[in-house]
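Trainee: Could you take me through one part of this model closely, keeping to what the coordinates support and linking each residue to the elements around it?

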Amino acid sequence: FGDGFYGSPYRPCVGLDHPEGFNLIFRLWQKRDDVQKTGRKQIAQTLMSSQEVRKLQQSFPNFSGDILKRELNKMVDAVQCFPKGRLPNLRDSEKEYEVVNEPESGKKSICYIDPASRVPDPSISYGYVTAFTYLHCSDQGLLTMDDVRRHVKLQPICGTLSYSEIPRFYTFCLGMTGTLDCLTSVQNS
């Protein structure tokens, strides 16, 4: 386990591979300057009443209400890191990526650099920041729109599980925190 294990929740998400999901993300990408002009809340409300959202709700009737609002807000937050005509405003870990050729398909994808091994890792993702990084790389001519479409999807969270609660499911738990080098002596006992 890494340092992020202790005290962190696990939030699995599913990638909804649906044309209207991609169209919604792409529409927000194209309108990203409007977020600064009209504000986050107004953009989220505009997206909520868009044709893309209506079609998504026809395909996924339970993808509505608070779930949908949360996803739209996460998208709006992420797209603000990519102002038009300027360099992206990303955290250090989000800046460290490579565009790589996938060996099996010959297609391209983004791989973030694993902070521990310093090797590109295709399993690392930063949610919608990664989605907009794909679109940014497409604008820079590093990726084709086909490459982008294969990877950019809606990413609703399917739940939250606290790692610290896992041991409560079992009568005996051996070696759970002994593998963590980052713990203080108080946390370890």
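**A close look, beginning at Y97**

Mentor: In this predicted model, Y97 is partly exposed, because its relative accessible area of 23% lies between the 20% under which a residue counts as buried and the 50% over which it counts as exposed. Y97 belongs to strand β2, which covers residues 97–101. Setting aside residues up to four places away in sequence, Y97 touches I110, C111, Y112 and I113, and also T133, H136 and C137. For one of these partners, I110, the C-alpha atom is separated from that of Y97 by 6.5 Å, although the two residues are 13 apart along the chain.

Two of the contacts just named lead onward. H136, which Y97 touches, is also among the residues of helix α7 that meet helix α1. On the α7 side that contact is made by Y128, F132, L135, H136 and D139, while α1 contributes I25, F26, L28 and W29. Seven of these residues are nonpolar, one is polar and one is charged. The two helices, α1 with residues 19–30 and α7 with residues 128–139, pack at an angle of about 65°, and their axes are 11 Å apart; the crossing of α1 past α7 is right-handed.

The second lead is Y112, a contact of Y97 that is touched by E94 as well, together with Y126 and V129, again leaving out residues up to four places away in sequence. E94 sits in helix α6, residues 92–95, and it counts as buried because its relative accessibility is 5%, under the 20% cut-off. The side chain of E94 is joined to that of R91 by a polar contact of 2.7 Å.

Returning to α1, this helix also holds E20, a glutamate that is buried, with a relative accessible area of 13%. Apart from its neighbours within four places in sequence, E20 is in contact with E52, K55 and L56.

Helix α1 is, in addition, one of the elements against which the buried residues of helix α3 pack, the others being α2 (32–38), α4 (51–59) and α5 (65–79). Those buried residues of α3, which itself covers residues 40–48, are I43, A44 and L47. Viewed down the axis of α3, they fall within an arc of 100°, and therefore line one face of the helix.

Definitions and conventions. Residues numbered from 1 in each chain as written. Predicted model: local features only at pLDDT ≥ 70, side-chain atom pairs only at ≥ 80, totals over all residues. Heavy atoms only, no water. Axes fitted to C-alpha atoms, helices over the stretch in contact; angles between N-to-C directions. Helix = DSSP H or I, 4+ residues; strand = E, 2+ residues; numbered from the N terminus. Left-handed = near helix turned anticlockwise from the far one by under 90°. Contact = heavy atoms within 4.5 Å. Nonpolar A, V, L, I, M, F, W, Y, C, P; charged D, E, K, R; others polar. Buried < 20%, exposed > 50% of the residue type's maximum accessible area, 1.4 Å probe, protein only. Polar contact = N/O pair within 3.5 Å; in protein donor to acceptor, adjacent residues only side chain to side chain. Arc of directions from axis to C-beta.
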